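Subject: Structure for you to look at

Hi,

Here is the structure I promised to pass on. Please open it alongside this note, and I will walk you through what turned up.

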Amino acid sequence: MAAKILVVDDDPNVQRGLEYTLKQEGYDVVIASDGAEAFRLYGSEAPDLVLLDVMLPKLDGYQVAEKIRAEEAGTRHVPIIMLTAEREVEQKVRGLRAGADDYLIKPFHPAELLARIKSLLARFAPRGALLARPPLGRILAFYGAKGGVGTTTIAINTAIALHRELGRKVCLVDGNLQFGDHRVFLDLGLDRKSIVDVVTAPAMDADLVKSTLVKHDSGIDLLLAPPTPETAELVHPAHLPEIAEILAGMYDYVLIDIDKRLDDINLGVFEAAAVVFVVMTADLSCLKNVRLILETMSHLGYPPAKTQLVLNRSNAFTGINVKNAEGALKRTIDHQVVNEYRGAISALNTGAPFMFGKADSALGGSVLQFARTVDKPAASATKAVALR
Ligand SMILES: Nc1ncnc2c1ncn2[C@@H]1O[C@H](COP(=O)(O)OP(=O)(O)OP(=O)(O)O)[C@@H](O)[C@H]1O
Ligand SMILES: [Mg+2]
């Protein structure tokens, strides 16, 4: 298989030149124009080597190299060559300290670049291949304690944050089988494949599931809900857990957005999930439902930590504050997402999630903070393995 090289440069001419040279040599090429995109593609494309320009928008080359090395946490090592216009020794040292393996000063001869690439690939590839990180395979359920509390908004934007900001491989499943909203939120037509294509096939396997997924521009993969409420009946309770397990073998995170019904389908999702995020707002009917859900989860024998409460629109005035809610539920609210009606509704109505484009809004920041907390156990586990 051809080695895959991630080229990171914001200059389209340099991109084209490098792409041409590398493809001539038989390499696969992926291109990023800024530092944030570089880190995201590093996570989703698993390149064998990175060619990294220093001067980049968003994150500079040093920061990207540092982020990549932190993410790898010693469990593998993708070689990085820094491309720099600077000649000073100090800059070279900085690049190497940030985690680069080699550097080239622009302009350089293509032959020199190719020689360095070959040598680095030979040095790192066999070991890298052996230690390539398996997917985390964590299944997360997003369950609305009541309709309209923002479950879909949070599931979609958390999925995008986990991928784009934290470099995870993510699949999002619309488990709201009758009235799934992901096509609306993500501007996708009814002609796209859905879970119905999986469950009506003669046999289910990873290739079938893969061929049914829809790629979103943000880089996450989607398994859409049936196109009509009638076809939802084709999905049986055993299907979603089976599909989720297959997806868990391919992704770091599988997020399943489900509605408030406590039926066999949703109970199957609870069973498959590592964590059930119960999305709620601070009002009485939600508090009543959350109490019933917590009781049900306890009757089902799940440990308390499996259920985590997410208070959406946490700073909206409802007359019930976080303390009141915690008192009524006799437990802490685990996460909060701020209220920003305009941001949320305009994202919905334009089909462009706020995490993909307006990630620096208050709402974007709040969901990113949530995503970081969700990812924390996995991030610390990787670091712990590296330290051992
Ligand atoms: N943090 C927020 N701040 C302001 N408005 C929000 C927030 N989260 C969601 N909303 C708005 O609340 C409405 C319902 O959101 P959403 O469809 O995500 O909820 P849901 O719980 O999935 O609903 P359903 O029960 O229909 O599946 C939308 O108009 C959305 O824009
Ligand atoms: Mg919804």
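Glu45 is a good place to start: this residue belongs to helix H2, which covers residues 35-45. One caution before going on is that the model is predicted. Glu45 has 16 other C-beta atoms within 10 Å, so it is partly exposed. Setting aside residues up to four places away in sequence, Glu45 touches Lys4, Leu6 and Val30. Leu6 is 39 residues away from Glu45 along the chain, and the two C-alpha atoms are separated by 8.4 Å.

Just beyond is Ala46, in the loop between H2 and S3. Its phi is near 45 degrees, a positive value in a residue other than glycine. Most residues other than glycine have a negative phi. Ala46 counts as partly exposed because it has 16 C-beta neighbours inside 10 Å.

That brings us to the five-stranded sheet. The sheet is open, with parallel pairing and the strand order S2-S1-S3-S4-S5. Strands S2 (28-32) and S5 (102-105) each have a single partner strand, so one side of each is left without a neighbour in the sheet. On average, and with direction ignored, neighbouring strands here are turned by 20 degrees against each other. Between S3 (residues 49-53) and S4 (residues 80-84), which run parallel, there are four bridges. In that pair, Val50 stands opposite Ile80 in S4. Back to H2: this helix packs on the sheet and touches S1 (4-8), S2 and S3, its direction making about 170 degrees with that of S1. Helix H3 (residues 61-72) packs on the sheet too, touching S1, S3 and S4, and its direction makes about 155 degrees with that of S3.

After S5 there is a peptide bond you may want to look at. Lys106 and Pro107 are joined by a cis peptide bond, with omega about -5 degrees. Most peptide bonds are trans. Pro107 sits in the loop between S5 and helix H5 (110-131).

Now for the other sheet. Eight strands make up this open sheet, ordered S8-S9-S7-S10-S6-S11-S12-S13, and the pairing is mixed. At its edges are S8 (214-215) and S13 (335-337), each of which pairs on one side only. Strand S6 (residues 138-144) pairs with S11 (residues 275-280) in the parallel sense over five bridges, and Leu140 stands opposite Val275 in S11. Helix H10 (residues 239-248) packs on this sheet, where it touches S6, S7 (170-174), S9 (221-223) and S10 (253-258); the direction of H10 makes about 155 degrees with that of S10.

Ile258 is a residue of S10. Is Ile258 buried or exposed? With 27 other C-beta atoms within 10 Å, Ile258 is buried. Leaving out residues up to four places away in sequence, Ile258 touches Ala141, Phe142, Tyr143, Gly175, Asn176, Asn266 and Val269. Ile258 and Gly144 are 114 residues apart in sequence, yet 6.9 Å apart in space from C-alpha to C-alpha.

On to the nonpolar cores. The largest has 74 residues, of which Ala141, Phe142, Leu255 and Val278 touch the most other members. Helix H6 gives the largest share of this core, seven residues. Apart from it lies another core, of 31 residues, among them Val8, Ala38, Ile81 and Met82. In soluble globular proteins, nonpolar side chains tend to be buried together. Beyond its neighbours within four places in sequence, Phe142 is in contact with residues including Thr151, Ile154, Leu255, Ile258 and Phe277.

There is also a ligand to show you. Which residues are closest to ligand 1? Of the 21 that surround ligand 1, the closest are Gly147, Gly150, Thr152, Thr153 and Ala344. Helices H6 (151-164) and H14 (341-350) each supply at least two residues of this shell, and the largest share, four residues, comes from H14. By class, the shell has seven nonpolar, ten polar and four charged residues.

One last spot is Asp187, in the loop between helix H7 (182-185) and helix H8 (195-199). Asp187 is not a glycine, but its phi is positive, near 55 degrees. Asp187 is partly exposed, with 13 other C-beta atoms within 10 Å.

Happy to talk it through whenever suits you.

Best wishes

Key: Residues are numbered from 1 along each chain as its sequence is written. Chains are lettered from A and ligands numbered from 1 in the order in which they are written. This is a predicted model: local features need pLDDT of at least 70, side-chain atom pairs count only at pLDDT 80 or more; totals for chains, interfaces and linings use all residues. A residue is near a molecule or strand if its C-beta atom, placed from the backbone, lies within 6 Å of it. Ala, Val, Leu, Ile, Met, Phe, Trp, Tyr, Cys and Pro count as nonpolar, Asp, Glu, Lys and Arg as charged, and the others, Gly among them, as polar. A nonpolar core is a set of buried Ala, Val, Leu, Ile, Met, Phe, Trp, Tyr and Cys residues joined through C-beta atoms within 7 Å. A residue is buried if 20 or more other C-beta atoms lie within 10 Å of its own, exposed if 12 or fewer, and partly exposed in between; C-beta atoms are placed from the backbone. Two residues are in contact if their C-beta atoms, placed from the backbone, lie within 7 Å. Two strands pair if DSSP finds at least two bridges between them. Axes are lines fitted to C-alpha atoms, for helices over the stretch in contact, and angles run from 0 to 180 degrees between N-to-C directions.
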